[in-house]
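Here is a protein model to explore together. Take a moment to look it over, and then we will walk through it step by step.

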Amino acid sequence: MRIDILTLFPRMFDGFLTESIIKRAIENKKVTINIYDFREYSKDPHGKVDDTPYGGGPGMVLCPQPIFDCIKSIRTDDSFVIMLTPEGKVYNQEMALNLKNKKHLILLCGHYEGFDERIKSICDMFISVGDFILTGGEIPSMLITDSIVRLLDGVIEKESLETESFNNKLLDYPTYTKPQVYEGMEVPKVLLSGDHKKIAEYRKQEQIKKTKELRPDLMEE
Ligand SMILES: C[S@@+](CC[C@H](N)C(=O)[O-])C[C@H]1O[C@@H](n2cnc3c(N)ncnc32)[C@H](O)[C@@H]1O
């Protein structure tokens with residue numbers, strides 16, 4: 001899979017691409033991630049990428065030209081262009097599972113007051129990461145990239161993916177590690193029993209209990 005991220009702040013991605021699971025996925029060629037500074041595509045002599053809004057109002061709006069030219073230069077028949085915007089569909093695991101099947105994602109990060117409306121015409125999808133406003137689309141693009149890359153074959157253990165929250169509309173079961181007793185709190189006995197059938201039953205019941213308590217909306221769906 002290839003993911004191209006368009007931003008005005010490429011250095012924000014330095015740590016993201018060079019640590020932990022994303023770093024390993026890149027090294028193991030499970031994904032190629034390119035960061036494009038769309039300022040480099042500006043035809044303005046000073047590299048300007050934004051301007052004041054027509055009709056007045058606060059802030060600066062991203063101009064269409066640098067973004068159109070950048071996308072046109074990297075787009076292929078397999079590309080799927082996503083605009084990060086508070087107006088988009090709110091992101092969830094189901095969307096991550098669908099997007100992991102795309103060959104080439106282009107993620108477009110806004111900044112300032114956001115995008116000139118006409119930029120929407122070259123996008124295939126609009127994603128929000130929640131009902132709040134961030135300064136830019138960089139963190140949303142990292143969030144989406146992370147959630148997709150970890151789902152790609154061979155990036156993390158298949159079993160870990162199968163048992164985690166949101167599969168089958170349930171939250172994950174509670175997990176414990178050593179020591180067996182910590183500050184008077186004990187690990188549930190069933191987990192020490194070695195009886196795998198009982199452990200599976202216990203975990204399923206805990207998943208249902210936890211989801212009913214914390215996220216009943218998932219079960220209603
Ligand atoms: C300050 S925001 C612009 C907000 C815009 N004026 C509005 O009220 O909808 C700048 C950029 O950050 C990104 N952004 C901010 N909040 C976001 C969210 N919840 N989901 C996805 N992207 C977001 C978008 O790319 C947006 O263009």
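Find Arg2 and look across to strand 6, where its bridge partner is His104. Now look from Arg2 towards strand 2: there, the bridge partner of Arg2 is Thr32. Keep in mind as you go that this is a predicted model.

These pairs belong to longer runs of pairing. Strand 1 and strand 6 are joined in the parallel sense over five bridges, while six bridges link strand 1 to strand 2, again with the strands running parallel. Moving on from strand 6, you meet strand 5, which runs parallel to strand 6 and is tied to it by five bridges. One example of a residue facing its partner here is Val81, which stands opposite Ile106 in strand 6.

Put the pieces together and a sheet appears. In what order do its five strands stand? The order is 2-1-6-5-7, in an open sheet with parallel pairing. Strand 2 (32-37) and strand 7 (125-128) are at the edges; each has a single partner strand, so one side of each has no neighbour in the sheet. The sheet is not flat either, in the sense that neighbouring strands are turned by 30° against each other on average, ignoring direction.

Next, look at what lies over these strands. Helix 5 lies across strand 1, strand 2, strand 5, strand 6 and strand 7, and it runs at about 170° to strand 1.

Now for the inside. In soluble globular proteins, nonpolar side chains tend to be buried together. In this model, the largest nonpolar core has 32 residues, and those with the most contacts inside it are Leu6, Ile67, Ile82, Leu84, Ile106, Leu107 and Leu108. The elements that each supply two or more residues to this core are strand 1 (2-7), strand 5 (79-90), strand 6 (104-108), helix 2 (20-27), helix 3 (64-74) and helix 5 (138-149). Strand 6 is mostly covered, with four of its five residues buried.

Leu6 makes a good place to stop and look around. Which residues does Leu6 contact, once neighbours within four places in sequence are left aside? They are Tyr36, Phe38, Ile67, Cys70, Ile106, Leu107, Leu108 and Cys109.

From strand 6, follow the chain into the loop that leads to strand 7, and you will come to Ile119. Is Ile119 buried or exposed? It counts as buried because 22 other C-beta atoms lie within 10 Å, and the cut-off for being buried is 20 or more. Not counting residues up to four places away in sequence, Ile119 touches Pro64 and Ile67. Ile119 and Pro64 are 55 residues apart in sequence, yet their C-alpha atoms are 5.7 Å apart in space. Contacts between residues far apart in sequence also show up across the whole protein: among contacts joining residues at least 6 apart, 77% join residues at least 24 apart.

The loop between strand 6 and strand 7 also holds Tyr112. This residue has a positive phi of about 55°, although it is not a glycine. Tyr112 counts as partly exposed because it has 15 C-beta neighbours inside 10 Å.

Further along, there is another stretch worth a visit. Phe166 lies in the loop between helix 6 and strand 8. Phe166 is not a glycine, but it too has a positive phi, here of about 85°. With 16 other C-beta atoms within 10 Å, Phe166 is partly exposed. Pro179 is found in the loop between helix 6 (158-162) and strand 8 (181-182), and the peptide bond joining Lys178 and Pro179 is cis, with omega about 5°.

Finally, step back and view the whole protein. It has eight helices and nine strands, and it is divided into domain 1 (2-149) and domain 2 (163-220). The C-alpha centres of these domains lie 37 Å apart. What are the spans of the C-alpha trace along its principal axes? They come to about 70 × 40 × 35 Å. A compact globule of 221 residues would have a radius of gyration near 17 Å, whereas this protein has 22 Å. Of the 221 residues, 22% count as buried.

Conventions: Residues numbered from 1 in each chain as written. Predicted model: local features only at pLDDT ≥ 70, side-chain atom pairs only at ≥ 80, totals over all residues. Domains from an automatic or database assignment. Core = buried A, V, L, I, M, F, W, Y, C linked by C-beta atoms within 7 Å. Buried ≥ 20, exposed ≤ 12 C-beta atoms within 10 Å, placed from the backbone. Contact = placed C-beta atoms within 7 Å. Pairing = 2+ DSSP bridges. Axes fitted to C-alpha atoms, helices over the stretch in contact; angles between N-to-C directions. Rg over C-alpha atoms; globule rule 2.2 N^0.38 Å.
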